[in-house]
Amino acid sequence: MDTFVIAEAGSNHNGIFDQALKLIDIAKDAGANAVKFQTFKSETLYNKNTPNFAGYNNINDLIKSLELPRDWQKPLKKYCDKKNIEFMSSPFDEQAVQDLVDLGVKRIKIAGFEATDLRFVDMIASTKLPLIISAGIGCNLDFIEQIIKTCNSRGCNDITILHCNNAYPTPQEDINLNTIKNIKNRYSNIKVGLSDHTTNTLTPSLAVALGATTIEKHITISKQLSGPDHVFAMEPNELKEMIHMIRLTELSLGQKKGQYTTSEQLFKKAGRSIVAKKNISQGDKLTVDNITTMRPYLNGSVPASMWFEYLNSTAGKNYKVGDFI
């Protein structure tokens with residue numbers, strides 16, 4: 001199982017091109033499969049009459065300061081291609097979608113707040129590119145069905161739904177990872193993952209253990225940088241640790257196919273065998289008085305697991321104390 005890990009650079013470039021390049025380096029160095037930015041404009045994202053909320057006096061000014069210049073996208077993708085890491089971006093308007101298609105992206109990610117806009121989902125699905133969609137705030141299992149049907153109606157069938165909580169950061173008690181299993185059980189024809197906004201490195205591994213095949217996590221150079229998304233993002237060492245734990249989780253999820261795993265073969269001898277605890281003559285009945293179980297288990301000896309099959313049977317030969325039955 002190869003979990004697709006998206007390092008979400010988002011707006012953490014802070015309007016500095018070299019910082020955007022550094023985020024790509026961080027993602028690549030940590031072993032992420034893709035690095036993702038966000039393509040939006042304040043003029044098309046928030047209505048100019050938006051009231052103050054979430055502590056921001058002017059949301060439009062904030063969004064303006066976080067924009068990714070559109071002319072960065074081509075050189076950023078070129079740099080990603082050079083580094084052998086996939087370039088991605090979440091579009092937030094129609095022109096952004098077209099720009100990304102023209103750029104030749106392999107897939108498009110729809111952000112959590114945009115996933116409830118079926119008009120926008122329909123338009124993006126018309127590209128017929130594979131879609132990764134955060135089912136976050138305002139989404140339940142029934143609405144996920146509407147999203148899937150909207151995509152399918154456009155001929156878009158390669159869909160990954162990311163369970164998502166759109167609180168930044170997400171309290172651990174609100175991540176509700178069993179939702180991943182619920183989505184998997186209800187929709188067998190899609191892939192499922194997690195867009196994680198908790199502040200720890202463990203949550204994605206837990207999601208993988210529950211069946212997530214895609215993980216998205218915000219990254220930053222430093223949590224101390226100014227901007228709304230730095231404080232809950234993963235710093236370079238945290239991202240490395242997170243991806244390392246995901247890969248360990250993948251290694252841990254196999255199913256035992258036989259009595260012994262390959263690594264257990266060397267330790268078979270530590271098992272128990274049935275042995276004589278008294279001298280036994282041929283024809284004697286094997287009872288709790290003359291046989292017992294002891295280590296080791298050797299090829300040809302009778303394993304202790306067969307105790308009740310041998311108890312009260314007849315000895316086929318003579319045994320001395322300590323002989324393997």
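Which residue stands opposite Lys109 in β5? Keep that in mind while we walk through this predicted model, starting with the sheet.

The sheet is open and has 8 strands, in the order β3-β2-β1-β8-β7-β6-β5-β4, with parallel pairing. At the edges sit β3, covering 86–91, and β4, covering 108–110, and each of them pairs on one side only. Going from one strand to the next, the twist averages 25 degrees.

Now look at the β4 edge. Strand β4 runs parallel to β5, residues 131–135, and 3 bridges join the two. Here's the answer to the opening question: Lys109 stands opposite Ile132 in β5.

Next come the helices that go with the sheet. Helix α1, residues 17–30, packs on the sheet and touches both β1 (4–10) and β2 (34–39). The direction of α1 makes about 150 degrees with that of β2. Then there's helix α10, residues 236–252, which lies across β1 and β8 (214–218). Relative to β1, α10 runs at about 160 degrees. So if you find β1 on screen, you can pick up α1 and α10 from there.

Finally, turn to a pair of helices, α4 (residues 73–83) and α5 (residues 94–103). Their axes come within 11 Å and cross at roughly 40 degrees, which makes α4 oblique to α5. The crossing is right-handed. Who does the touching? On the α4 side, Gln73, Lys74 and Lys77 meet Asp99, Leu100 and Leu103 of α5. Sorted by class, this contact has 3 charged, 2 nonpolar and 1 polar residues.

Key:
Residues numbered from 1 in each chain as written. Predicted model: local features only at pLDDT ≥ 70, side-chain atom pairs only at ≥ 80, totals over all residues. Heavy atoms only, no water. Pairing = 2+ DSSP bridges. Helix = DSSP H or I, 4+ residues; strand = E, 2+ residues; numbered from the N terminus. Axes fitted to C-alpha atoms, helices over the stretch in contact; angles between N-to-C directions. Contact = heavy atoms within 4.5 Å. Parallel < 35°, antiparallel > 145°, perpendicular 65-115°, else oblique. Left-handed = near helix turned anticlockwise from the far one by under 90°. Nonpolar A, V, L, I, M, F, W, Y, C, P; charged D, E, K, R; others polar.
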